[in-house]
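Thank you all for coming. I would like to walk you through one structure this morning, beginning where its two parts meet and then taking each part in turn.

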Amino acid sequence: MTSVWESLTVDARDPSRLAHWWAEALGYQVVAEKPDEVEIRQSRDRLPGIVFVPVADGKETKNRLHLDLRPADQEAEVERLVDMGARHVDVGQGDASWTVLADPEGNEFCVLRQQG
């Protein structure tokens, strides 16, 4: 028996705002929006989705799970995401080939170099 990856759940102070931010960042669409959860996917019928649910407290420590994005142009993508509201963060990555950013609620993610 195996399992199918249905979704990744993200705790958020403002699930709707964060879901819409990530939908724009990834080129996804909002497929369900309720007061207690918002789901985004590449398309309505394509898994996995990312589900944003409300929490009262803010993020306080480094993520234990994060997304890695691999754009065609790392520098341009970092600039686009920062223009959308992401910010550069230092999680101890040193002089790495990837860039660590945080979304508007502080969740870290990496922007990798393009495949070479």
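**Where the two domains meet**

Between domain 1 and domain 2 an area of about 1,000 Å² is buried, and carbon and sulfur atoms give 66% of it; buried area here is the accessible area, with a 1.4 Å probe, that two parts lose on being put together, summed over both. On the side of domain 1, the residues that lose the most area to domain 2 are L18, W21 and W22, which together make up 51% of what that side buries.

Before I go on, please keep in mind that this is a predicted model, in which local features need pLDDT of at least 70 and side-chain atom pairs count only at pLDDT 80 or more, while totals for chains, interfaces and linings use all residues. Residues are numbered from 1 along each chain as its sequence is written, and side-chain values use heavy atoms, with hydrogens and water left out.

The chain is divided into domain 1, residues 1-55, and domain 2, residues 66-115, with bounds that come from an automatic or database domain assignment. Their centres, taken over C-alpha atoms, are separated by 20 Å. Contact, meaning heavy atoms within 4.5 Å, involves 14 residues of domain 1 and 13 residues of domain 2.

What polar links cross this interface? There are five residue pairs in polar contact between the domains, both residues being at pLDDT 80 or more; such a contact is a pair of N or O atoms within 3.5 Å, where within protein one must be able to donate a hydrogen and the other to accept it, and residues adjacent in sequence count only if both atoms are side-chain atoms. Strand 1 and helix 1 each supply at least two residues of the side of domain 1 that touches domain 2, and the largest share of that side, seven residues, comes from helix 1. Helices (H or I, at least four residues) and strands (E, at least two) are DSSP runs, numbered from the N terminus.

**Inside each domain**

Let me turn to the sheets. One open sheet has four strands in the order 1-4-3-2, with mixed pairing, where two strands pair if DSSP finds at least two bridges between them. Strand 1 (7-12) and strand 2 (29-34) stand at its edges, each with a single partner strand, so one side of each is left without a neighbour in the sheet. Strand 3 (residues 37-41) and strand 4 (residues 49-54) run antiparallel and are joined by three bridges, with E39 opposite V51 in strand 4.

The loop between strand 3 and strand 4 holds P48, and the peptide bond joining L47 and P48 is cis, with omega about 0°. Most peptide bonds are trans.

A second open sheet, also of four strands with mixed pairing, has the order 5-8-7-6. Its edge strands, strand 5 (68-69) and strand 6 (87-88), each pair on one side only. Strand 5 pairs with strand 8 (residues 108-111) in the parallel sense over two bridges, and D68 has C110 in strand 8 as its bridge partner.
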